Amino acid sequence: MTVDYRPSRGIVPAAICVAFGALWLSPSPAHADDYVLANSKTHKLQVLADGGAAWCSPALRLRMVLDADSPDSGNAASQMEIMSRLKTPIATDCKTAESAIVSVIDRGKTTGTFAATAKGGWQFAALPAPPTVPPIEQKADEVKPIVPPVAAPAPAPTPTPTIAQTPAQTSAPAAPTIMMPKEKGYIGLLLRILKDNPALAAEEATIKFWAAYKFNREYSQVQFQEFKLQPLLARAKDDLSQTISSLPQADYERGVAIFNTSFDAYNFQKQVFPITLNFDQVTFNTPHYIQSSLPSTIALKVPDLDAIAGIPMDPTAAQAFTERRTRWNSVNRSVSIAVVIKIDPSGFHRDGWGYQAALGTVESATFFTDNELREQIFQIGPDEFAKWRQAKAEEKVAAAAAAAQREAELRRQQMLAMREQYIRQIGTASTSVKLANFANDGPLNFYAPLNNLRAARAAALISGKPVAVTMLVQAGSSGRSTIDTSFPGSLQVTVMDGQPDLKSSEWYLVRGLLSVPDSAGTLAAQLTTQAVYPCQQPKCAEAQDPAVIVDRKLAALQGGAQ
Amino acid sequence: MLTKQHKIAIAAGLVVVTVGGGWLFAKHQANVIAKDQIDGFIIRHNLGGTVAYRELSASPFGSATLSDVSVRLSPATAITVGSLSVSDLTMKNNQVRGFTVTAEQAQVPLLALAREHRDNSFAEALGLGYTVLGGNITLSAHYDDEKNLIAIESAGAVDDAGSWEAKIKLGGVSPYAIDSLAAIASTPPQQINALQALGAAAPALQTLVGTTVAKVELAVNVDGYRRRDAQVTNHDLPPEGPSTVPTGMTANDEYKLVQAGMAPSEARAAREAVQSWLTKGGTLRIATNLDQPLPIFRNGSIMTPSFDSFDGFMAATKSRVSN
């Protein structure tokens, strides 16, 4: 193998020449800012370092650029071997180097990433390729926040991608398609309000605000000179109208919040730089206060911000990432996050002088190393948030079920401990209360009797909808649908599937929904059952036994706890 | 040459035309006057947004009828009256001395009111299906200045609930008391000064000391209500044993009537009538049986009434209870 190790300036030390065999000097095809660390005609590749003459740094950023006909194309093992042979020039020419990341670029595409450290003897090893969808570890009682894995740090700051471009990172997962509204923060939301309220948009004070925002210097100069102000206001009016009409509908459905925050110390167990967004409402302040009907603040209530919980990286990449951000032994932990929030269709509603906070959900989050949103680290896309939300919803259901189970078991234990006392207590209750307790789920209630037809009719009429009742009925005929009752009378019962047929003259304890038609003078009422207990004795005498009632409750709790 | 018959016929025709035209003219004038009075009353009492009617018909003899009257209780609910008439209006010194008001096809939307106010006050009636109370009612009051006698009568019926009739005659009512009441009644509420009203009412109350009961007749029928009461139970459990009949008057109540001065036979008859009314339905009537008007107050003070209970009233007025 012949690899040409060639500093951009100076003479190649003889020892190095020997070590690398046939060496030659050649003009570098690389960019002027690149430092050519090695050049091999045999292997048809170059190894370049970012930073030109100042390439040496504690965390080196290298690129192995293969020619189209390189024999090492697609051979990661030989690529790593070539890199490992460069340990001497790296160690010799850059004594401060502690780690290096090399991206293999084959036919213009990044095909692999290797990393090595000085402590490890500059033995390069491949970093795993990042999955395109972040794994969400699902536990029964926990939904992990979204932390898309990043296997390597972001590229050097030389390229300065913008949000709108959302370029694919050389080492980050393929960026999802993210909708990023043009106008961000307060202005973006204000445009939404103005679009919904043309009268407000046409107010002179609003036009003044827009002039102050859009033509700030001119406005400051002429704001107290009415003859010069008028043409500016006319221009601002046209500009506002043009802005409102030109924004796509998708922009109006979203808001963008920029959070300048910092990440915490690396969590080696979870392999993530944790970030905490411990709030659920984002308030945007007006950039220019002009006395007007415009709100001074606009707020979005975003309950799922906690999904954004960190910057995941493997340890090697994380180390390189922090070292790159270390100056004077201090790690710059600042990051900016541009969060796109989908606004609920109900939008904003007036509340006195301002607007109520509109409901929103996080659609995407893009992380940047700088406040100007130039150097992007990675993104979390809508799919990831959707999966997170679904997992969270499932977690809620599971948690509620588990809580109900725990509650049932706790109640059962308590009830079991007080069984004798409860039996004595319910024994002193009225027959109606006893039967109601027998028929109803839930804890013992010493004050709730069965419902009577007249009061239930009134409640259903006043509320305008069916009301839940528990009643003792005697069937007037047999069947399942609209069965007349002998008691209480003026009531027809319909039993639902899975419940027993009613038999004429038999008694039943039923729970269900009672409805009454509105029409004047109608005495009919309908009861659709949710639970039916066929009484063994007339008027359900057996269900009045206090011990039976308490034991039935215990059995129900036992079932609920399982 | 006109015959005598022809002359008579022509004369009769002229009389008919003149009287008919006069009647129409008088009726038109009566409508104008009545409309002025009613609209003026509505405006003075700030009832413009509350009370409305579709049509007014008045007769030259002092009666007026309003059609399709509505008394709006809220934007969504109103009491409606198909026909509201005022008749037998008598005046003296520009003060009302007598009137009869009749409301027919009146409807009170109980369910709408309960829903609007989330009010359970009507729960009992609603439970029995009285979502709209419909019926008729008549109220009349006439005062005889010479005899100091006031006669108040009321009758009415509520659809599928019951009916009532009440006739009350009171003697010894001074014109001063009537004038005071009439003055207060005719003053728009916003112009009533509480202190002045109290000052006017106090002497009027003093004049009530001489008031006597001349005659009271009451008749109540609640068959409709009773029928619904039986159809829609308000019991959550079936009654134990045979169906029990509510006891209207106990033996003790009968004894109290006797103690209050009623003849034992009358007291027994009253108890039987009440029991029959409760069990069989029909009408319960209570009528006083006085030879002489009975002073309501004794010793010239309103602090010492002649009876302090219903039993005492029944005994003192020798009332008879029948079906």
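Which residue in strand 20 of chain A is the bridge partner of A:Ile341? Select A:Ile341 in this predicted model and look across to strand 20 of chain A: the partner is A:Val362.

**Stop 1: strand 17 of chain A**

Now select strand 17 of chain A, residues 334-343. Nine of its ten residues are buried, so the strand is mostly covered. Show strand 20 of chain A (residues 358-368) beside strand 17; the two pair in the antiparallel sense over eight bridges. Then add strand 10 of chain A (residues 254-262), which also pairs with strand 17 in the antiparallel sense, over nine bridges. To see one such pairing, pick A:Val256, which stands opposite A:Val340 in strand 17 of chain A.

**Stop 2: the largest nonpolar core**

Next, select A:Leu37, A:Leu62, A:Ala100, A:Val102, A:Ile308 and A:Val339. In the largest nonpolar core, which has 87 residues, these touch the most other members. Strand 17 of chain A gives this core its largest share, seven residues. The core draws at least three residues from each of domain 1 (4-126) and domain 2 (185-380) of chain A.

Keep A:Val102 selected and show its surroundings. Leaving aside residues up to four places away in sequence, A:Val102 touches A:Leu62, A:Arg63, A:Met64, A:Met83, A:Phe114 and A:Phe124. Apart from the largest core lies another, of 56 residues; its members include A:Leu435, A:Val473, A:Leu514 and B:Phe122.

**Stop 3: helix 10 of chain A**

Select residues 315-324 of chain A, which form helix 10. Its buried residues are A:Thr316, A:Ala317, A:Ala318, A:Ala320, A:Phe321 and A:Arg324. What do they pack against? Show strand 4 (59-66), strand 5 (99-106), strand 6 (109-117) and strand 11 (272-274) of chain A: the buried residues of helix 10 pack against these strands. As background, residues three or four places apart in an α-helix point the same way, because a turn takes 3.6 residues.

**Stop 4: the barrel in chain A**

Move on to strands 22, 23, 24, 26 and 25 of chain A. In that order they form a closed barrel of five strands with mixed pairing. On average, neighbouring strands of this sheet are turned by 50 degrees against each other, direction ignored.

Zoom in on strand 23 (residues 483-487) and strand 24 (residues 492-494) of chain A, which run antiparallel and are joined by two bridges. Select A:Ile483 to find its bridge partner in strand 24 of chain A, A:Val493.

Two helices can be added to this view. Helix 13 of chain A (residues 431-439) lies across strand 22 (467-475), strand 25 (507-515) and strand 26 (526-534) of chain A, and runs at about 80 degrees to strand 25. Helix 14 of chain A (residues 453-463) packs on the sheet and touches strand 22 and strand 25 of chain A; the directions of helix 14 and strand 22 make about 145 degrees.

**Stop 5: where chain B touches chain A**

Colour the two chains separately. Here 20 residues of chain B are in contact with 25 residues of chain A. On the chain B side, helix 2 (110-117), helix 3 (123-127) and helix 6 (223-231) are the elements that give two or more residues. The residues on this side of chain B divide into nine nonpolar, seven polar and four charged.

**Stop 6: B:Gly48**

Finally, select B:Gly48, in the loop between helix 1 (4-44) and strand 1 (51-52) of chain B. Is B:Gly48 buried or exposed? B:Gly48 is exposed, because 10 other C-beta atoms lie within 10 Å and a residue with 12 or fewer counts as exposed. Not counting residues up to four places away in sequence, B:Gly48 touches B:Ile42 and B:Ile43.

Note on methods. Residues numbered from 1 in each chain as written. Chains lettered and ligands numbered in written order. Predicted model: local features only at pLDDT ≥ 70, side-chain atom pairs only at ≥ 80, totals over all residues. Contact = placed C-beta atoms within 7 Å. Helix = DSSP H or I, 4+ residues; strand = E, 2+ residues; numbered from the N terminus. Nonpolar A, V, L, I, M, F, W, Y, C, P; charged D, E, K, R; others polar. Buried ≥ 20, exposed ≤ 12 C-beta atoms within 10 Å, placed from the backbone. Core = buried A, V, L, I, M, F, W, Y, C linked by C-beta atoms within 7 Å. Domains from an automatic or database assignment. Pairing = 2+ DSSP bridges. Axes fitted to C-alpha atoms, helices over the stretch in contact; angles between N-to-C directions.
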